[in-house]
Amino acid sequence: MSSQRRTTQQSPSPLSPFQDDQILTDSQWTTLASIVDTIISPETQTSGENPKKTQLKAAVDTIKHNTNVTDEALLSEYLAESATSCPEFREAIHRLLAEQIHTQGRKELLSVLDALTNARTSWLLTGHLTPFAQLSLRQREKVIQSWATARLQIFRVLFRTFNDMTKAYWTRTSPTLGRVLSYPYTPINHSYGKGFDFPFVVFPPLPQGSTLVPATFETDVLIIGSGCTGAVAASVIARSGLEVLVAEKGYHWKPNHLPMSEKNGMVHLFANGGVTLSDTGKMGILAGSCFGGGGTVNWSASLQLQPFVRQEFAKKHNLPYFESSAFQHDMDAVCETMGVGTQAIKHNPGNQMLLDGAKKLGMKAKPVPQNTGGEAHQCGYCTLGCGSCGKKGPTESWLPDAARHGAKFVEGFQCEKVIFAADKTQDGKQIAIGAQGVWTSRDESGGVSGKVYRRPVTIYARRAVVVAAGALGGTALLLERSGIQNPHLGKHLKLHPVNTLFGVFDRDIMPWEGGILTSVVTEYENINSTGYGCKLECVTMLPSMVLPLMQWKSGLEWKVHAAKFKRMAGWISLARDEGEGEVYADPVDKYRVRVKYDTSKSDQKNIAVGLVALAKIAFVEGAREIHVGAAGVPPFIRRQSVRTSSSAIYASQTGGNAGDTASINDPEFLQWLSRLELLAVNGLPGDAGQVSAHQMGTARMGSSPTNSVVNSRGAVWNTQSLFVADTSVFPGASGVNPMITGMAIARGIARGIVEDLGLPSTQQAPTAKL
């Protein structure tokens, strides 16, 4: 890395205003504040109820050791900070309650707050006759700790709900955490790319006093969704000479806005403010929701579909395309366009340790191809948008190519339904002719935080409608709202559930620097030749995206642990899920997706196999501490007298003796590991949460309407001119990061549309250029 460390300042991307409407009463807010200020608690020496002076001094010494911070005032400010002392935290919580929690969940949360406010009902939840907010800090802490291990599930749900919410929003908004970690909030030595000037269609406001008449637009092909798959379809179809309009619910953010802050980026770039929770709250799902979709926020991993999965898709689902040379050519073509390769990779410490540790232990591992145009891309912040344009996602490749061939674009379009012609075909098929929805303008300054206006819009498509709105309900719910009836619609949701493992080392890792996911361990991807297993990969290491995944024991302990972040590396065990779930529309808000998903026992076991392997890798690579992201699994702490690779290097440089070196057969480690190995036999603990960044399968492809939503060419059964071209059509989980597979399928579907219309289909792969 350059010896000169230069930081840049992104253009602001303020959030749009939200309607609070006094969702919380004063008493409810007081109770909620007392909960979150227990989880992120103010720790000072002046309060008699706080830890003894020696305990606080030990915490300060530990933080100093792991951060090299010597500023006593900063350390005191950090420890004294409570969650609600941050105005941005309070705003984020109110936005969460107003916009990001469904009506049923909000009612349940408010009823819990009411119960904790009332002395008589509070006793049932706390064991105290005093309202929760009136308890001392230590009493409140003991209550929350008791919820974590309670026998009744309702208490454990309470713990998970308040704990996850508090940690997520505090790490996004804390004024001191970044300073303690020396975290710069923007890439070092970052340069902005020039981006592409997309031709967006703007609908004029209605004249004052006029009736609500929809604006209209006509095109040959309407593509709903601008993510990886919609972008490919747009390029292929536009190259045939057809007029194309790409309509997107989110907005385009130019390079100078990227990467965004964690607080604003999670709202602007992701669905539902960052995380969509399953109905049980055990699964947190991240899905891109902006111009460029998942391709704007993904981690550049560009893995092709494995042969054993291709064979399963072809044989089990009667889809020979997946074993054909045409599918291979589609995968190669999308990789060629984005300049996918491994030659320019420079691994950061976390990725290098994954490769090195696997090699030491005899596990198969390899670099992960990157869609970076054959150039090195050292940005660990790309999950919040790539300002350098080094990641050749949809906005740097396929969408500019579509624009050069005449495509136009609409942002801010919430599609209500696909519309059909009044008459059907002779064999009774509905004919798609466009879509209706509501368009929301930008404000006068070109952002979304000021005054905007809305217009109903009808878009007519003369030749075809292609839905690429995403497998997390975007496509399935749109088809349902459009009157499509199919028993498989919304079903067969695959998520690639993951659990995490973190190592704390004796040296600074600066985990937010360098490429995010550049290595993978494939040793366990096909356990016992079942077609199912897990992959081991690195995880994006931005504080607010990973610190909330780490277990909470007490307010002080968690702050001390969070301060170790600059010395951490993090990995995931990602399962190709055999189990499945479903998406459905919220009964109150038809546009809000709800998710039913519980990780199957077999998938839990496969995840645990990966966690065991990751623990071994972390150990041989010298981790001082190993933390597993599963409730009930204590961390492994290596004795200070035992030398790690990091401390050995330090000792050799200073001439000191760092202690005895431990091997993989270290008895203390093996004893701890045996508890983790039991999970590979019995499955993860009942309250172990998982996260997902991959969604597949809710409008799956198949051989008939009795087993699928679309046919092998992406056409929706019993319709004409209506296609689905996103990861919804996957007949099963891909087992690899689904970008390349999804783009290849979209390319194949788009080629088929062009051919069916009697036009020449392009075989040439465009080159990513701006």
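**Exercise 1. Determine how many residue pairs are in polar contact across the interface of domain 1 and domain 2, and characterise that interface.**

Solution.

Step 1. In this predicted model, four residue pairs, both members at pLDDT 80 or more, are in polar contact across the interface of domain 1 and domain 2. A search for salt bridges across the interface of domain 1 and domain 2 returns zero.

Step 2. On the side of domain 1 that touches domain 2, the elements giving two or more residues are α4 (87-100) and α8 (153-173). The residues of that side comprise no nonpolar, three polar and five charged. Charged residues are thus present on the domain 1 side, while the count of salt bridges to domain 2 is zero.

Step 3. The area buried between domain 1 and domain 2 is about 790 Å², and carbon and sulfur atoms give 46% of it. Within domain 1, the residues that lose the most area to domain 2 are Gln-100, Arg-160 and Arg-172, together 66% of what that side buries.

**Exercise 2. State which residue ranges form the domains, and how far apart the C-alpha centres of domain 1 and domain 2 lie.**

Solution.

Step 1. Domain 1 spans 26-181; domain 2 is assembled from 221-349, 383-488 and 701-757; domain 3 consists of 498-641 and 661-692.

Step 2. A distance of 39 Å separates the C-alpha centres of domain 1 and domain 2. Eight residues from domain 1 and nine residues from domain 2 take part in the contact.

**Exercise 3. Describe the annotated region covering residues 268-498.**

Solution.

Step 1. An unreviewed UniProt entry annotates residues 268-498 as "domain: Glucose-methanol-choline oxidoreductase N-terminal".

Step 2. Over residues 268-498 the chain is 25% helix and 21% strand, with its end C-alpha atoms 24 Å apart.

**Exercise 4. Identify where Pro-259 and Tyr-185 lie, and what is unusual in the backbone there.**

Solution.

Step 1. Most residues other than glycine have a negative phi, and most peptide bonds are trans.

Step 2. Leu-258 and Pro-259 are joined by a cis peptide bond, with omega about -10°. Pro-259 is located in the loop between β2 (244-247) and α11 (262-269).

Step 3. Tyr-185, although not a glycine, has a positive phi of about 65°. The loop between α9 (177-181) and β1 (215-224) contains Tyr-185.

Notes:
Residues numbered from 1 in each chain as written. Predicted model: local features only at pLDDT ≥ 70, side-chain atom pairs only at ≥ 80, totals over all residues. Heavy atoms only, no water. Domains from an automatic or database assignment. Contact = heavy atoms within 4.5 Å. Buried area = accessible area lost by both parts, 1.4 Å probe. Salt bridge = Lys/Arg side-chain N within 4 Å of Asp/Glu carboxyl O. Polar contact = N/O pair within 3.5 Å; in protein donor to acceptor, adjacent residues only side chain to side chain. Helix = DSSP H or I, 4+ residues; strand = E, 2+ residues; numbered from the N terminus. Nonpolar A, V, L, I, M, F, W, Y, C, P; charged D, E, K, R; others polar. UniProt positions renumbered as here; feature names shortened; annotations may be inferred.
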